[in-house]
Amino acid sequence: MRLLLMVFLLFSALLNAAPREEIVLTYDTFLQQFSTTLQENQQAFAADPDTYWAMVQAKVIPLWSRRESLEGLATADKVNALMPEQLDRLNAILDRTVQRYAFEILDSYSGQRFVLNEVEFDDNNPQLAVLDVTAVWDNFPDLDIELMLVDEGDAWRFYNIRYGWFSYIGTKKWSYRRGLTPQRFDAFAESLAKKNRRHFADMCRNDTVRGSETCHYWQDRTSIE
């Protein structure tokens, strides 16, 4: 009996070790590269949004779970109730919202680097985990951040971020769950799209970036409001 128990415990540890090692390898590499790239290129990225967005698309977007984020915001039932054309429209708007977030991060970046501390798995669902990260500044207090991860088979992807009292999904879910109803969908989708248009209309007033492909895309879709 003791031998069987030891074998079971060893097997359980090995099963848990493999995902942990995968997550640590993926996100430790990502955080180091992301920190270094921003520290070394913030000003260059601000003047060249196409290069910055290409970096985000190559390094960050593949680690984001749009599906899990949307279901966390709106619930799976509300997402599944959308018509195919509504879901396509919403997904397209979310993709551009993430683009807006990327440029807002660039605008507010202040030299911090991101350090991976620990991975904690959900006791009730082995497909969920929390990545404990610290944002470290030279002249400001550190900030503890949690990235919520989901195992999607081919990769562990993040779908939510928490720090202090703030949770992205916790803050936004009320508006999504209220807005994703048949009678409110069009108005809600337009409100999301309008936030994106406003941001890029303001960003692309700058002569330095106005000629970029990023700004050409938004200038075709944006009226100055």
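This report describes the strands and helices of a predicted model.

## The sheet as a whole

The model contains an open sheet of 5 strands, arranged in the order 1-2-3-4-5 with antiparallel pairing. Strand 1 (113-121) and strand 5 occupy the edges of this sheet. Each of these two has a single partner strand, so one side of each is left without a neighbour in the sheet.

## Pairing within the sheet

Strand 2 (residues 128-136) is joined to strand 3 by 8 bridges in the antiparallel sense. Within this pairing, V133 has I145 of strand 3 as its bridge partner.

Strand 3 (residues 143-151) also runs antiparallel to strand 4 (residues 156-163), and 6 bridges connect the two. Here V150 stands opposite R157 in strand 4. Strand 4 in turn pairs with strand 5 (residues 166-167) over 2 bridges, again in the antiparallel sense. In that pairing, Y163 is placed opposite F166 of strand 5.

## Two hairpins

Strand 3 and strand 4 form a hairpin with 4 residues between them. In its turn, G153 has a positive phi of about 90°.

Strand 4 and strand 5 form a hairpin as well, with 2 residues between the strands. In this hairpin, G164 takes a positive phi near 55°.

## Helix 5 against helix 7

The axes of helix 5 (residues 84-108) and helix 7 (residues 185-203) come within 10 Å and cross at roughly 30°. Angles under 35 degrees count as roughly parallel, and helix 5 and helix 7 are therefore roughly parallel to each other. Their crossing is left-handed.

Residues of helix 5 that take part in the contact include L90, I93, R96, R100 and F103. On the side of helix 7, the participants include A189, L192, A193, N196 and F200. Divided by class, the contact of helix 5 with helix 7 has 9 nonpolar, 5 polar and 8 charged residues.

## Helix 6 against helix 7

Helix 7 also meets helix 6 (residues 168-179); the axes of these two helices come within 9 Å and cross at roughly 140°. Which residues of helix 6 meet helix 7? They are S175, Y176 and G179, which meet F185, F188 and L192 in helix 7. By class, the residues of this contact divide into 4 nonpolar, 2 polar and no charged.

Two residues of helix 7, F185 and L192, are thus listed in the contact with helix 5 and also in the contact with helix 6.

How values were computed:
Residues are numbered from 1 along each chain as its sequence is written. This is a predicted model: local features need pLDDT of at least 70, side-chain atom pairs count only at pLDDT 80 or more; totals for chains, interfaces and linings use all residues. Side-chain values use heavy atoms; hydrogens and water are left out. Two strands pair if DSSP finds at least two bridges between them. Axes are lines fitted to C-alpha atoms, for helices over the stretch in contact, and angles run from 0 to 180 degrees between N-to-C directions. Angles under 35 degrees count as roughly parallel, over 145 as roughly antiparallel, 65 to 115 as roughly perpendicular and the rest as oblique. A crossing is left-handed if the near helix is turned anticlockwise from the far one by less than a right angle, and right-handed if clockwise. Contact means heavy atoms within 4.5 Å. Ala, Val, Leu, Ile, Met, Phe, Trp, Tyr, Cys and Pro count as nonpolar, Asp, Glu, Lys and Arg as charged, and the others, Gly among them, as polar.
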